[in-house]
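Here are some short exercises, each with a worked solution. Keep the sequence and the structure open beside you as you go.

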Amino acid sequence: MGVSQVAVITGAGSGIGRATAHELAQRGHRIVVADINAGAAEVVANEIIQLGGHAVAIGADVCVDADAMVAKAIEAFGVIDILVNNAGIFYPADFLTTPFAEWQKAVDVMYFGAVHCSQAAARAMVAQGHGGQIVNVSSVNAFLGAPLSSHYNTAKGAIDQLTRCLAVELAPHGILVNGVAPGFVETPMAIVDGVSEHSTAEFQQFYVQRRRIPLARPAEPSEIAVVIAFLAEGSATYLTGHTIVVDGGLSVTF
Ligand SMILES: NC(=O)c1ccc[n+]([C@@H]2O[C@H](COP(=O)([O-])OP(=O)(O)OC[C@H]3O[C@@H](n4cnc5c(N)ncnc54)[C@H](O)[C@@H]3O)[C@@H](O)[C@H]2O)c1
């Protein structure tokens, strides 16, 4: 096992964030489980502690509580080494009829939230003087078009560009910035109106039976978490500015 690092993971109360918290904790790292849903963050931190790991929870909105998350890491563990910008929301939004404020909400949480948190974390990392790692959770939606998703897809496209720009700007400080772009993942986000989009006949026929996803299934959150953890640990010391696509082959076929 390598040196134990301290990771702040946003949106870690559920899905990919929760799986990443568990993956990094299992590798011996200390975790700040951050989520706007304080109760969910507590549950995940307790799960990690029950398994013998080290974790604290904070109820935190990425749009307003970036400094508080970093302060929590330093208060609990004395340092911040890793930030995973994972918090996200999705709701279908018809471009012609969705009011602007409703459309903008997705960009606020997923793009500006990542900006706020990256700035707070990077300032602390620079002050500490020993580098760090930032991992942004993007999506294949960042580089593909889709109906009812212009808010989500443009937010994710902006995150990929943030990954590239911060990689360049923070390189002199020893901070690596990378991203992970999942395809379909079996999490609560995939549930729309109480139904998992992966269970519909349309999804099964097109993506699974016809192998539009070559691996013919959505990912488990743990399959995304291992790639996030790989980047978050910083063991790939010459890798920065890139977003790794983890989509079962979805975006290499047509
Ligand atoms: N599930 C998928 O198919 C999929 C695919 C590609 C990318 N992603 C991305 O993965 C990330 C995690 O999504 P997930 O599928 O695990 O979803 P999820 O809904 O299971 O988890 C998202 C978490 O983010 C939290 N959150 C929402 N707004 C927040 C805010 N303002 N501040 C702090 N926390 C907030 C939620 O409370 C929730 O716990 C998101 O960025 C999402 O866009 C998901």
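Which residue just after H3 takes a positive phi? Gly78 does, with a phi of about 85 degrees. Bear in mind throughout that this is a predicted model.

**Exercise 1. Check the length of helix H3 against its number of residues.**

Step 1: H3 covers residues 66-77, which is 12 residues.
Step 2: At 1.5 Å a residue, the helix should span 16 Å. The expected span takes 1.5 Å times one less than the number of residues.
Step 3: The end C-alpha atoms of H3 are 17 Å apart, which agrees with the expected span.

**Exercise 2. Find the buried side of H3 and say what covers it.**

Step 1: List the buried residues of H3, taking under 20% relative accessible area as the cut-off. They are Ala66, Met69, Val70, Ala73 and Phe77.
Step 2: Look down the axis of H3: the buried residues fall within an arc of 95 degrees, so they line one face of the helix.
Step 3: Recall the helix geometry. With 3.6 residues a turn, residues three or four places apart in an α-helix point the same way.
Step 4: Turn to the face of H3 directed away from the buried side, where the exposed residues Asp67 and Glu75 sit.
Step 5: Identify the cover. The buried residues of H3 are covered by elements including strands E1 (6-10), E2 (30-35) and E3 (54-59), along with helix H4 (100-128).

**Exercise 3. Describe how strand E2 is placed.**

Step 1: Count burial: 5 of the 6 residues of E2 are buried, so the strand is largely enclosed by the rest of the structure.
Step 2: Look at its pairing with E1, which is parallel and runs over 5 bridges.
Step 3: Pick out one bridge: Val8 has Val32 of E2 as its partner.

**Exercise 4. Work through an aromatic cluster.**

Step 1: Start from the total, which is 7 aromatic pairs.
Step 2: Take Phe184 and Phe203. Their ring centres are 4.9 Å apart and their planes stand at 90 degrees, so this pair is edge-to-face, the cut-off being over 60 degrees.
Step 3: Place the two residues. Phe184 is in the loop between strands E6 (175-182) and E7 (191-192), while Phe203 is in helix H6, 19 residues apart, and the pair links distant parts of the chain.
Step 4: Add Phe206 and Tyr207, whose centres are 4.9 Å apart with planes at 80 degrees, so they too are edge-to-face.
Step 5: Compare accessibility. Phe203 is buried at 4%, whereas Phe206 is partly exposed at 31% and Tyr207 is partly exposed at 22%.
Step 6: Put the parts together: Phe184, Phe203, Phe206 and Tyr207 form one aromatic cluster.

Conventions: Residues numbered from 1 in each chain as written. Predicted model: local features only at pLDDT ≥ 70, side-chain atom pairs only at ≥ 80, totals over all residues. Heavy atoms only, no water. Helix = DSSP H or I, 4+ residues; strand = E, 2+ residues; numbered from the N terminus. Buried < 20%, exposed > 50% of the residue type's maximum accessible area, 1.4 Å probe, protein only. Arc of directions from axis to C-beta. Contact = heavy atoms within 4.5 Å. Phe/Tyr/Trp six-rings, centres within 6.5 Å; stacked < 30°, edge-to-face > 60°. Pairing = 2+ DSSP bridges.
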